[in-house]
Amino acid sequence: MKFFVDTAEIDAIAELNDLGMVDGVTTNPSLIKKSGRDILEVTKEICDLVDGPVSAEVVALKAEDMIAEGRKLAEIAENIAVKVPLTWDGLKACKVLTDEGKMVNVTLCFSANQALLAAKAGATFISPFIGRLDDLNMDGLDLIADIREIYDNYGFETNILAASIRTANHMSECAKIGADVATAPPGVIKAMANHILTDKGLDQFVKDAAAAKIKIL
Ligand code: E4P
């Protein structure tokens, strides 16, 4: 499973990128707002830093305006994936932009039917939102599994990009289901390293190393 990092914070992306943890980046208008940066500037910086796809989201609601914005975003760099919402207009924009050879990430997906439509429209990525479904007492991971089954039934090539990831557990569950990509905030990716038994075991090793005066250097 590929790891995308879900942020527009350059320092956080760079830290994970240096460790080889970043296969791509996703942003959205809320993340751009949080960064306090200009969308075109910060997106260019991210694209220069990361080799993989960098999702930049349109803000228009009508297909023709989304297409114009998507073309402008795609000019930033070759690794831009234009992000469009899963509306009828978004699907129209997806079809036009993918026909032009651009990568398109269809976002705000909350049902298997929506994912089916995005695949038919040629989306490069479909972004089902796990956490926002969980927030409503629904099971976001079930949606990932349903989309995996449907895409595999028909050989759709659209990549399942599990989004709205809130916990380290979401990451391993997505990997078990077979999501192609999971995009998570930097804190969630780092939290994947944590285990209480690791902390406990290390504590004992540190004590024993001191007691035995073990020195390596
Ligand atoms: C990524 O593409 C999505 O925009 C993001 O994962 C949404 O996450 P949230 O539900 O935590 O805002």
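Me: Where is L108?
Reply: L108 sits in strand β5, which covers residues 103-109. The model is a predicted one.

Me: What is its phi like, given that L108 is not a glycine?
Reply: Phi of L108 is positive, at about 60 degrees.

Me: And how accessible is L108?
Reply: L108 has a relative accessibility of 33%, so it counts as partly exposed.

Me: Which other residue has a positive phi without being a glycine?
Reply: K213 is such a residue, with phi near 50 degrees. K213 belongs to the segment after α11, a helix that runs over 196-211.

Me: Is K213 buried or exposed?
Reply: K213 is exposed, because its relative accessibility is 69% and the exposed class begins over 50%.

Me: How far apart are K213 and A179?
Reply: Their C-alpha atoms are 47 Å apart in space, while the separation in sequence is 34 residues.

Me: Stepping back, what are the spans of the whole protein?
Reply: The C-alpha trace spans about 70 × 40 × 30 Å along its principal axes.

Me: How many helices and strands are there?
Reply: The protein contains 11 helices and 8 strands.

Me: How much of it is buried?
Reply: Of the 217 residues in the protein, 44% are buried.

Me: What about contacts between residues 24 or more positions apart?
Reply: Such pairs supply 58% of the contacts that have a separation of 6 or more.

Me: What does the protein expose, by area?
Reply: The exposed area is about 11600 Å², and 54% of it comes from carbon and sulfur atoms.

Me: Which nonpolar patch is on the surface?
Reply: L202, F205 and V206 make a nonpolar surface patch of about 340 Å². V206 is part of helix α11.

Me: Why can V206 belong to a patch?
Reply: V206 has a relative accessible area of 52% and is exposed. Patch members need over 30% relative accessible area, so V206 passes that cut-off.

Me: Changing topic to charge: how many positive and negative side chains are there?
Reply: There are 22 positive and 33 negative side chains. The centres of these two sets lie 3 Å apart.

Me: Where does negative charge gather on the surface?
Reply: D139, D142, D146 and E149 form a patch of negative charge there. D146 is located in helix α8, residues 140-154.

Me: How accessible is D146?
Reply: The relative accessible area of D146 is 37%, so this residue is partly exposed.

Me: Now salt bridges: what does the count come to?
Reply: The count comes to 12 salt bridges.

Me: What does E45 pair with?
Reply: E45 forms a salt bridge with R37, and the closest N and O atoms are 2.6 Å apart.

Me: How accessible are those two partners, E45 and R37?
Reply: E45 is partly exposed, with a relative accessible area of 36%. R37 also counts as partly exposed, at 29% relative accessibility.

Me: And which side chain does D180 meet?
Reply: D180 meets R148 in a salt bridge, with an N to O distance of 3.1 Å.

Me: What does the D180 and R148 pair tie together?
Reply: D180 lies in the loop between α9 (168-177) and β8 (181-184), and R148 lies in helix α8, so the pair ties together parts that are 32 residues apart in sequence.

Me: Is R148 buried or exposed?
Reply: R148 is buried, because its relative accessible area is 13% and the buried class is under 20%. Its partner D180 counts as partly exposed, at 26% relative accessibility.

Me: What about E173 and K176?
Reply: The side chains of E173 and K176 meet in a salt bridge with an N to O distance of 3.1 Å. Both residues lie in helix α9, 3 residues apart, which is about one turn of the helix.

Me: How accessible are E173 and K176?
Reply: E173 counts as partly exposed at 22% relative accessibility, whereas K176 counts as exposed at 65%.

Me: Which residues do shared salt-bridge partners join into one network?
Reply: R71, E100 and K102 are joined into one network by salt bridges that share partners.

Conventions:
Residues are numbered from 1 along each chain as its sequence is written. This is a predicted model: local features need pLDDT of at least 70, side-chain atom pairs count only at pLDDT 80 or more; totals for chains, interfaces and linings use all residues. Side-chain values use heavy atoms; hydrogens and water are left out. Helices (H or I, at least four residues) and strands (E, at least two) are DSSP runs, numbered from the N terminus. Buried means under 20% relative accessible area, exposed over 50%, partly exposed in between (1.4 Å probe, protein chains only). Contact means heavy atoms within 4.5 Å. Accessible areas come from the Shrake-Rupley method with a 1.4 Å probe; for residues, only the protein chains shown count as cover. Lys and Arg count as positive and Asp and Glu as negative; His and the chain ends are not counted. The place of a charge is taken as NZ of Lys, CZ of Arg, CG of Asp or CD of Glu. Patches are made of residues with over 30% relative accessible area and no salt bridge: like charges are joined within 9 Å, nonpolar side chains (Val, Leu, Ile, Met, Phe, Trp, Tyr) within 5 Å. A salt bridge is a side-chain nitrogen of Lys or Arg within 4 Å of a carboxyl oxygen of Asp or Glu.
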